[in-house]
Amino acid sequence: MALKLVPIWACCTNQQHCCTYPQSLKLGYGSRLSGSTFLNLRAHKKWECLVLLSETERAITPVEDEQPLAPPGDASVQEAQIIQSKGFHRDLQSLPKPLSATYLSSSQHDGSNVRVAYQGIPGAYSEAAALKAYPKCETVPCDQFEAAFKAVELWLVDKAVLPIENSVAGSIHRNYDLLLRHRLHIVGEVQLLVNHCLLGLPGIRKEELKRVVSHPQALEQCNIMLNELGVARLSSDDTSSAAQIVASEGKRDTGAVASARAAEIYGLSILAERIQDDPDNITRFLILAREPIISGTDRPYKTSIVFTLEEGPGVLFKALAVFALREINLTKIESRPQKKRPLRVVDDSNKGSAKYFDYLFYIDFEASMADPRAQYALEHLQEFARFIRVLGCYPMDTNL
């Protein structure tokens, strides 16, 4: 018997837990950095009613440590701002009207009339991923990952492009947690080849540098080059903000590790290209939207799910076997602790009780939800799982 597909795919055997919107999820502060715009939605009265409405639409899920939304009229609620900056929205009224789901589905393939949120400032690799997915889209920078999620939920943008894993640094756990906390759908993926460049003020040589600024992971990925130069390393929020710092401070002995596009935006010189230790440095991004796409079988599709399992010997083996039995290839397995229920007590003897950590399992597999094999596999998985949610079914990105 095939699974019945609905707009929000979920299966939960425990009906007594109902999610509320987490008070702890707050958008980052809008801060002014030259050449950038941030969405500050943390305390926007205008959107408060929409957040309350979205609370009633959340599916039942027993795995999140969420707190109730602050009541209307809270003193902490203030007017939101969109910082004025060249090339981006100067005020809330200048934002285009929200697009309907029907209109979004008929958008041009190049991303015309589509607004895409990303974390960082102009020149970030996330912005490059958004432009790869939608070449003519309007990119909207956000200061935190959560801000990008909320921008989609509040109809300020149409989609968000966020990193989920890197071939060198591994998984970005924060975004895995946010996928479960929010009710957005994965509608696509982007694989981006990372090209770290050493940037500096015009007219200087790399040997003159005494310190280099960048995101900690970028600095770690360029360890060989930076050791050869013998420079001190300073951390920044992201690679593009590092380039902005070097340009704004104007110190000739300070460089940055960032993209070639960041050098162009902030008027810096590229002192060296492809300085990463591993030349095959690839970051995978997810495209998130309010509505799922209609999956097909006309091209390769990938499906992402999250689930928890009942306690027992070999349960994880049985859960993975439902895919192997149907020759479905798994491309990603990630485990994350349940923050609300980190421990499980099992008393199976008279000698006392044992404590185990409770985990969520995130899996990506190569099959479309339109494929009966995927439907039968998830139906079979329900025999062992206490909770299942399909995060999205989307076309695979096969181009670098």
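**View 1. Strands β6 and β7 make a hairpin, with 3 residues between them.** Everything here comes from a predicted model, where local features need pLDDT of at least 70, side-chain atom pairs count only at pLDDT 80 or more, and totals for chains, interfaces and linings use all residues. Residues are numbered from 1 along each chain as its sequence is written, and side-chain values use heavy atoms, with hydrogens and water left out. β6 covers residues 159–166, while β7 is just residues 170–171. (Strands are DSSP runs of E, at least two residues, numbered from the N terminus; helices are runs of H or I, at least four.) The two run antiparallel, with 2 bridges between them, and N166 has G170 as its bridge partner. (Strands pair if DSSP finds at least two bridges between them.)

**View 2. β6 also pairs with β4 and β14.** With β4 (residues 115–119), the pairing is parallel and takes 2 bridges; look for V116 partnered with K159. With β14 (residues 282–289), the pairing is antiparallel and takes 7 bridges; here E165 stands opposite R284. β6 is well tucked away, too: 8 of its 8 residues are buried. (Buried means under 20% relative accessible area, exposed over 50%, partly exposed in between, using a 1.4 Å probe and protein chains only.)

**View 3. Y176 and Y362 meet edge-to-face.** Their ring centres lie 4.9 Å apart and their planes sit at 65°, so the pair gets that label. (Rings of Phe, Tyr and Trp, taking the six-membered ring of Trp, pair if their centres lie within 6.5 Å; planes under 30 degrees apart are stacked, over 60 edge-to-face, and the rest tilted.) Y176 belongs to helix α5 and Y362 to strand β19, 186 residues apart along the chain. Y176 has 4% relative accessibility, so Y176 counts as buried; Y362, at 2%, counts as buried too.

**View 4. R290 holds its charged end over the ring of W155.** The distance to the ring centre is 3.6 Å. (A charge sits over a ring if NZ of Lys or CZ of Arg is within 6 Å of the ring centre and within 35 degrees of the ring normal.)
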